[in-house]
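Please work through the following exercises on interfaces between chains and between domains. Each task is followed by a solution in steps.

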Amino acid sequence: MLLESKVPVGALDEKWTKYRSTMNLVAPNNKRRIEIIVVGTGLAGASAAATLGELGYKVKCFTFHDSPRRAHSIAAQGGINAAKNYQNDGDSVYRLFYDTIKGGDYRSREANVHRLAEVSRNIIDQAVAQGVPFAREYGGLLANRSFGGVQVSRTFYARGQTGQQLLIGAYQSLSRQISLGNVTMYNRHEMLDLVKIDGKARGIIARNLLTGELERHAAHCVVLGTGGYGNVFYLSTNAMGSNVTAAWRAVNRGALMANPCYTQIHPTCIPQSGDYQSKLTLMSESLRNDGRVWVPAKQEDAAAIREGRKNALDIPEEDRDYYLERRYPAFGNLVPRDVASRAAKVACDEGLGVVKTGKAVFLDFASAIQRYGKSEAHSKGIHNPNKDAITKMGEDVVRAKYGNLFQMYEKITGEDPYKMPMKIYPAVHYTMGGLWVDYNLETNVPGLFALGEANFSDHGANRLGASALMQGLADGYFVIPYTIGQFLSGEIRTPNIDPNSPEFAKAEKATKERLEKLVKIKGNRSVEDFHRSLGKIMWEYCGMARNAEGLKKAQRMIRELREEFWKDVFVPGTQDEFNPELEKAARVADFLELGEVFALDALQREESCGGHFREEHQTPEGEALRRDAEYAYVAAWAWDGDKAEMIREDLTFENVELKTRSYK
Amino acid sequence: MKLTLKVWRQKSGGHKGDFETHQVVANEHMSFLEMMDVLNQTLIEQKKDPVAFEHDCREGICGSCNMVIDGRPHGPQTGTTTCQLHMRAFKDGDVIVVEPWRSTAFPVIKDLVVDRSAFDRIIQAGGYISVNTGQAQDANAIPVEKDLASAAFDAATCIGCGACVAACPNGSAMLFTSAKVAHLNMLPQGEIEASRRVQGMVKQMDEEGFGKCSNMGACEAECPKEISITNIAMMNRAYIASMLGSSTNV
Ligand SMILES: Cc1cc2nc3c(=O)[nH]c(=O)nc-3n(C[C@H](O)[C@H](O)[C@H](O)COP(=O)(O)OP(=O)(O)OC[C@H]3O[C@@H](n4cnc5c(N)ncnc54)[C@H](O)[C@@H]3O)c2cc1C
Ligand code: SF4
Ligand code: FES
């Protein structure tokens, strides 16, 4: 199979504009007839469904949640990037493009990333018009902050709830289209299979989660905005329900999974505290604008903290190692996530961790509180303020910026982060890998599109902070509404797809049998138990540092676990009712397949790049060592339920020079 | 810590429900939902039906979780969702009563899971600004006063959980509805549709079977996002103004 990226010809900064003005269009009278299925109502899915509805298509939209507003995007905290250059600090479309390519460790497609940077500006305009209450300055204009891996302030935010506010904006637009009758919404419906007719994606099998009934839904094409698969690690910052099923069912129907091993491990999460733990909580990267990361310089201090004989405040300044500032003076605490995560691991591996398990470092706001306090005092004309007054004013500034995050931290840990530094550790957060798509966001299955975290397209081997929201909304608002026309303009003579066709019947039967099988096993282990076991294997061998031996072992262990799952899982109840355990079981079954391909992908990639760190490939200083001559390609995997086969898309770089990433 | 749980069990909306008593061993670092996970793991090991409850983000933002704990929506702590509640709020030997939201507009689906789709329909009745993708002007062309943006944010922070309805003796959805009206009406972008919006949303709210507001303030007290009851007053004013001042009638 040859993978065609379909990147238009021409100069990088003209590709999209020219392509957009020459693309095939679908006339309004035809749009009214053409049906589109959108699965997912996160930023990607909701923005796509709303916009396609506005354009006049007949849209059917699906979510397994009880309301479109609950999609995992709601939890995004820190912000969204856009090359607005409102701060006049030298930002531009090119700079955002360049930062993203470099941040992704030169493993993404130039043309896609450039388009993303171009449309980033429209997203902010659109969101503001929808009433998204972004943070503002006293003059009434929009405020910005910085995120990791960049030296400009281009991140727009709504306190620590940016994802919530953007999703509500998209949800409101979607709601408007629902009320106008352009979008039919199916809540509590889970896509369990993709239906292909004559090689084209023509519909889905969805389970009505309330009744258990399997439903056939037909359309001219299918768009997936079904999110990432970080929960293959069981513990992650993703919402509990996030899963790979929609994408993986598509893979089972011939779509390709690209770069599954590219996982982002986020440096600042609340450390795990026990075995019962169900998820990990992110502390937004925006905190690294003001928080300083450190560990005790001496092992005995670290040990004393772990044993409760000392606390952070007992360690004098000279005995602290602000290791990011020391190792990466140019970017300091704002190095990209992969770099920050590995540095935390190195510190903890050296015995400098600061919680009982040894797996945490400090994120300290004391300097920021003092700095802000002094500046507030100054701006209020208070001369000679006392220390308490400064601290109080400084805390107020920090509260205004990050209040909800500090509160969240306190609720979970029972500690006050205004007084004591936070304790943080890396956790699985985002998956750069995803369904392979071309420039049109179309997978290798004609008529099947993938948007947002569900595709692999823009972040290469590492995603920069505040870029997922940007990508999801770029895909949904500003890319798919155009590119879908390239496919649909060829379908205007296609009559409505018949859900009674044999292809639908076959897919429905297969789904029914699969669920039946799960319910009938009536084994001895819970779904949760299998999921946890899978997560442990993934974290141990496919986590922050990987090596060939471990990956081979993981592959074997996952396969064995999968076999055991299909023999010994216990799912209560039947498939003909509301049955959350059955929902979980079907998702874990898919994670067990994905996990194996994940390990294979990590094994074949004999280099370190971005979030993928192979111990065999590092510099003497422990930095990632890329191998551009051999590995500047996308690894897209076909899977037949048993064997995986890799198909390559070579990446060509015409505009940027491949360099060793340096944040020093 | 050892706890006794009295959990509401109800096979479906059509069945009658009742409390079931279970013993659970928990520790103080667990979240309330993790404690429920422990209970469910035990039930599954005994090949029994686990307790159905809704949850997703487990960090207080998606609005999925919804338990009435010892008579209070989202439990004893203010400004806290069920998923953010930790067991350190309880002590060894406690008896804890867990129920679903109870309101006619939120029928029970199973155990602790209820149907809150009425909220979606209220939003569909006007809880948006009518702007198509691509129609927007430059974002900084509409300056908004910092405090106003912040006030709009405070209203927009509602997570749509429904605790306000569950807390209200009348089952009123005024806090939820008014939070959306306030968020959008307050902003210059949302002003144009202010009258249509408030009329449409109030009408839908009434049609969904939510009760009337009698200013008891229970909603505000139990709202995990501390949405202010002043939004209700604002909505009432907007509603009256829309009936008097404009030709709009939804
Ligand atoms: C805690 C946290 C904080 C973050 N903060 C930021 C940030 O500050 N900035 C940033 O840029 N990014 C951030 N991210 C990343 C970002 O939030 C996500 O990558 C992004 O929101 C994903 O959006 P999406 O639309 O692709 O998918 P999602 O929001 O995950 O939506 C998936 C949708 O698909 C539906 N779905 C899935 N499978 C099925 C199925 N089989 N059938 C039916 N429906 C299905 C779901 O119901 C849901 O509606 C954060 C992520 C986390 C975990
Ligand atoms: S107003 Fe408060 S209680 Fe009511 S739905 Fe919104 S967040 Fe929940
Ligand atoms: S589970 Fe999301 S708010 Fe509680």
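The exercises below concern a predicted model.

**Exercise 1. Characterise the interface of chain A and chain B by its extent, its polar pairs and its composition.**

Solution.

Step 1. The size of an interface is often given as the accessible area lost when the parts come together. For chain A and chain B the buried area is about 6,000 Å², and carbon and sulfur atoms give 51% of it. In chain A, the residues that lose the most area to chain B are A:Arg70, A:Tyr276 and A:Lys411, which together make up 12% of what that side buries.

Step 2. In terms of residues, 77 of chain A are in contact with 72 of chain B.

Step 3. Six salt bridges are found across this interface. One salt bridge joins A:Lys84 to B:Asp138, with the closest N and O atoms 2.9 Å apart; this distance satisfies the criterion of within 4 Å. The interface also holds 47 residue pairs in polar contact, both residues being at pLDDT 80 or more.

Step 4. Several helices of chain A each supply at least two residues to the side that touches chain B, among them α3 (43-55), α12 (387-413) and α17 (580-604). The largest share, 10 residues, comes from α6(A). By class, this side of chain A has 30 nonpolar, 29 polar and 18 charged residues.

**Exercise 2. Describe how domain 1 and domain 2 of chain A meet.**

Solution.

Step 1. Domain 1 of chain A spans 266-428 and domain 2 spans 510-632. Their centres, taken over C-alpha atoms, are separated by 32 Å. The contact involves 12 residues from domain 1 and 10 residues from domain 2.

Step 2. The two domains of chain A bury about 860 Å² between them, 55% of it on carbon and sulfur atoms. On the side of domain 1, A:Asp338, A:Arg342 and A:Lys345 supply 48% of the buried area, more than any other three residues.

Step 3. One salt bridge is found across this interface. The side chains of A:Arg327 and A:Glu623 meet in a salt bridge at 3.3 Å, N to O.

Step 4. On the side of domain 1 that touches domain 2, α10 (337-349) and β15 (422-431) of chain A each supply at least two residues. With four residues, α10(A) gives the most. The classes on this side are five nonpolar, two polar and five charged residues.

**Exercise 3. Analyse the contact of domain 1 and domain 2 of chain B.**

Solution.

Step 1. Chain B is divided into domain 1 (2-110) and domain 2 (116-244), and their C-alpha centres lie 29 Å apart.

Step 2. In chain B, 22 residues of domain 1 are in contact with 20 residues of domain 2. The buried area is about 1,500 Å², of which carbon and sulfur atoms give 57%. B:Pro73, B:Ala105 and B:Phe106 lose the most area in domain 1, together 34% of what that side buries.

Step 3. The count between these domains of chain B is two salt bridges. A salt bridge is formed by the side chains of B:Glu54 and B:Arg116 (3.5 Å, N to O). By class, the side of domain 1 of chain B that touches domain 2 has seven nonpolar, 12 polar and three charged residues.

**Exercise 4. Which residues come nearest to ligand 2?**

Solution.

Step 1. Of the 13 residues around ligand 2, the nearest are B:Cys158, B:Cys161, B:Gly162, B:Cys164 and B:Cys223.

Step 2. The elements giving two or more residues to this shell are α4 (163-167) and α5 (174-186) of chain B. The shell divides into 11 nonpolar, two polar and no charged residues.

Note on methods: Residues numbered from 1 in each chain as written. Chains lettered and ligands numbered in written order. Predicted model: local features only at pLDDT ≥ 70, side-chain atom pairs only at ≥ 80, totals over all residues. Heavy atoms only, no water. Domains from an automatic or database assignment. Contact = heavy atoms within 4.5 Å. Buried area = accessible area lost by both parts, 1.4 Å probe. Nonpolar A, V, L, I, M, F, W, Y, C, P; charged D, E, K, R; others polar. Polar contact = N/O pair within 3.5 Å; in protein donor to acceptor, adjacent residues only side chain to side chain. Near = heavy atom within 4 Å.
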